[in-house]
Amino acid sequence: GQASLFGDASALPRSEPSLPNVPEWVEADRLAREKAALGFFISGHPLDRYREVVRAFEPVSSQTLADRPGQPVDLPCVVTAVARQISRRDNSEWGKITVEDFHGTATVLAFRETWQQYKEVLDQDAVVLISGKVSGRERDEEDPPVFLDAARPLEEVASTGELAIQIELELDSDVPAAAFQQAKEVLTAHPGASPVWLQVGQDNGESAPRLRSRTLKAAPDAETVDQLQRLFGRGNVRVVRTVVPDVDTSDSDRRAFWREKAKQA
C-alpha cells in the first residue's frame, strides 16, 4: 500500500481481504495441527481434559520411568508417533511407539501378539493408558522403554468405575453442613461410573477407612472435581484408583499379575 519509496508517508487505499466464514477447529484438531506444524503443543495438551485422571496414576510419569527398572507401570499418555517395524529374526511385525505426557516423552515397544492386539488402539494422537513393564536392562537405565502388555483409551478407563472421587476431611473440619447438600447436587449433575468415597480424620497416623456412598456415582472429570474442590478445598478432593497393584510383590508375581491383567483387558 505504499505510494512511493522516496515520497511522503501516504499510502494507497486498499480494501480488507474477503475471508471465508469457517467454523473453529475442535480442540483435538487444533492440537494435532499445532503438533504437525511446530513439533509440540502450544495452546493446550490432549491430556488436559483428563488431568484429574492422570493425577490418579501419579507418581508414575515419563519422567519417573528410570526410577522403576523392571517394574510394572500404568502410564496415561498421548501417542505422538507410531513406527511399524519388521523383525530380522522371524519377519514378525512389531511396533515402536512414542508417547507424551505432561512431563516429557517415552518409548513403548510392542511385540508379536501384543502388537497385533493393540495396534488399532495406538493410533496417532490417541489418548491412552499404557500398561507394561519398564525395561530393566543396564543399557536402558537412562531412558528405559516400556514393554507393552496392554493399551486402552483413557476415556474408557474413566468410565469403568476403576477410579473413585475421594473427599478427604479432618475431624475438626469447619465445612458447613450445606456443603454436603451442594456436593450431592454436583455429583447428581455429573453422573458417571466412579464411586464417591469420604475419608474423615486419621487412624493412628494412617489414613482412616473410607466411607462409600451407596447411592451416588459420578464422572471423574475436571469439572466435577473443580466444583467439589470449591466446596471442600483444593487439596481435599481428588481422583484415586479403586485398586492399586501391589508393587512390593516378587518379580515373578508381578509378571503373573500383568499377564492376567493383559488377558482381561
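## Helix H6 and its surroundings

In this predicted model, the buried residues of helix H6 are Thr224, Val225, Leu228, Gln229 and Phe232.

**Exercise 1.** Work out where on helix H6 the buried residues lie, and which elements they pack against.

*Solution.* Begin with the directions of the side chains: seen down the axis of H6, the buried residues fall within an arc of 130°, so they line one face of the helix. This agrees with a general point, that an α-helix has 3.6 residues a turn, so residues three or four places apart point the same way. Next, take the partners of that face: the buried residues of H6 pack against helix H2 (51-55), S6, H5, S10 and S11. Finally, look beyond the end of the helix, where H6 is followed by Gly233, a residue with a positive phi near 110°.

**Exercise 2.** Decide whether Arg230, which is placed in helix H6, is buried or exposed.

*Solution.* The relative accessible area of Arg230 is 61%, and the cut-off for an exposed residue is over 50%; Arg230 is therefore exposed. As a further step, its position can be set against H5 by way of Ala179: the C-alpha atoms of Arg230 and Ala179 are separated by 9.6 Å, although the two residues are 51 residues apart along the chain.

**Exercise 3.** Determine how helices H5 and H6 are oriented to each other, and describe the residues through which they meet.

*Solution.* The axes of H5 (residues 178-189) and H6 (residues 222-232) come within 10 Å and cross at roughly 175°. Angles over 145 degrees count as roughly antiparallel, and H5 and H6 are therefore roughly antiparallel to each other. On the H5 side the contact is made by Ala179, Phe180, Gln182, Ala183, Val186 and Leu187, which meet Thr224, Gln227, Leu228, Leu231 and Phe232 in H6. Sorted by class, this contact has eight nonpolar, three polar and no charged residues.

**Exercise 4.** Describe the sheet on which H6 packs, and state how the two helices lie relative to its strands.

*Solution.* The sheet is open and has four strands in the order S10-S7-S6-S11, with mixed pairing. Its edge strands are S10 (210-218) and S11 (237-241), each of which pairs on one side only, and the twist from one strand to the next averages 30°. Strand S6 (residues 163-169) runs antiparallel to S11 and is joined to it by five bridges, with Ile165 standing opposite Val239 in S11. H5 lies across S6, S7 (191-200) and S10, at about 50° to S10, whereas H6 touches S6, S10 and S11, its direction making about 130° with that of S11.

Definitions and conventions
Residues are numbered from 1 along each chain as its sequence is written. This is a predicted model: local features need pLDDT of at least 70, side-chain atom pairs count only at pLDDT 80 or more; totals for chains, interfaces and linings use all residues. Side-chain values use heavy atoms; hydrogens and water are left out. Axes are lines fitted to C-alpha atoms, for helices over the stretch in contact, and angles run from 0 to 180 degrees between N-to-C directions. Angles under 35 degrees count as roughly parallel, over 145 as roughly antiparallel, 65 to 115 as roughly perpendicular and the rest as oblique. Contact means heavy atoms within 4.5 Å. Ala, Val, Leu, Ile, Met, Phe, Trp, Tyr, Cys and Pro count as nonpolar, Asp, Glu, Lys and Arg as charged, and the others, Gly among them, as polar. Two strands pair if DSSP finds at least two bridges between them. Buried means under 20% relative accessible area, exposed over 50%, partly exposed in between (1.4 Å probe, protein chains only). The arc is that of the directions from the helix axis to the C-beta atoms.
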